[in-house]
Amino acid sequence: MPGAGWRWAVAAVVIVLAVGIVAWSVVGGRSEDESVAGVTTSAGKPAVAAVSDADRAAAALVGCPQPSGAQVGDSPLRGTTLNCMADGRPVDLAAALAGKPALLNLWAYWCGPCAEELPLLQQFSKQAGSAITVLTVHSDPGIAKGLARLAGLDIHLPGVEDPNSQVRTAVRAPAVLPISVLVRADGTVAKVVVRPFTSVDDISATVAAELGVRA
């Protein structure tokens with residue numbers, strides 16, 4: 001009959017194998033969605049899944065603003081380049097916004113209050129016309145999910161991808177969503193609104209008070 005020492009050796013081998021299987025299921029067997037949600041790369045930056053042309057086409061977003069040649073002032077967004085959600089092309093944010101007041105809305109596909117606010121922003125943008133730039137900033141690495149969310153909400157505002165929350169960091173906003181950043185024509189920040197807007201009138205009143213734009 002095997003001795004106690006032999007039985008302990010077998011038990012140890014079983015434990016090692018079990019630990020190995022669990023480790024593979026957590027690391028090697030991770031799904032693509034799990035790799036995007038909350039898992040960072042070795043460089044400490046969120047892993048961003050590839051976005052297809054079909055994803056972008058389905059969202060049918062308005063193209064991002066282009067630099068007008070207007071002078072960029074002391075903007076905290078200077079040097080920030082993000083990809084446009086409509087076509088994936090890089091956008092020099094400070095240069096693209098220079099010369100006109102802007103409302104940057106920081107949101108994410110999983111944010112409930114953001115989904116309620118986005119249609120209001122689209123209505124406000126239509127009402128304001130060319131008086132102000134309304135730009136969404138998807139602040140999460142799940143870009144394809146963000147595009148799908150916009151398509152589902154029938155939102156077609158121009159937007160940029162910000163998987164590493166560069167805009168939030170630049171304007172020193174808290175780590176919450178949604179956030180709206182009101183930017184003057186010279187690139188300086190007039191106000192960081194840390195709450196969801198409740199109506200188009202709410203947006204209009206806030207923009208008028210902080211940027212002097214009435215819509």
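**Spaces and core around I132**

Author: In this predicted model, I132 is in contact with K100, P101, A102, L103, F124, V207, L211 and V213, leaving aside its neighbours within four places in sequence.

Reader: What makes I132 and K100 count as being in contact?

Author: Contact means heavy atoms within 4.5 Å. K100 is listed among the contacts of I132, so the pair meets that cut-off.

Reader: Which residues touch the most other members of the largest nonpolar core?

Author: They are L93, L104, I132 and V207, in a core of 53 residues. Helix α5 (residues 112-128) gives the largest share of this core, 6 residues.

Reader: How do you know that I132 is buried?

Author: A nonpolar core is built from buried residues, and buried means under 20% relative accessible area. I132 belongs to the core, so I132 is buried.

Reader: What is the volume of the largest pocket, and which residues are closest to its centre?

Author: The largest pocket holds about 200 Å³. Of its 15 lining residues, P65, K100, I132, T133 and V134 are the closest to the centre. Both α4 (93-97) and β4 (133-138) give two or more residues to this lining, which by class has 8 nonpolar, 6 polar and 1 charged residues.

Reader: Why is the other space called a cavity?

Author: In a cavity a 1.4 Å probe fits but cannot get out, whereas a pocket is open. The structure holds 1 cavity of 30 Å³ or more. The largest cavity has about 60 Å³ of space, so it passes that size limit.

Reader: What makes R184 and D186 the charged part of the cavity lining?

Author: Asp and Glu, Lys and Arg count as charged. The lining includes R184 and D186, so these are its 2 charged residues, beside 7 nonpolar and 3 polar.

Notes. Residues numbered from 1 in each chain as written. Predicted model: local features only at pLDDT ≥ 70, side-chain atom pairs only at ≥ 80, totals over all residues. Heavy atoms only, no water. 1 Å grid on protein atoms, 1.4 Å probe; cavity = no way out; pocket = protein on both sides within 12 Å on 5 of 7 lines; lining within 4 Å. Helix = DSSP H or I, 4+ residues; strand = E, 2+ residues; numbered from the N terminus. Core = buried A, V, L, I, M, F, W, Y, C linked by side-chain atoms within 4.5 Å. Buried < 20%, exposed > 50% of the residue type's maximum accessible area, 1.4 Å probe, protein only.
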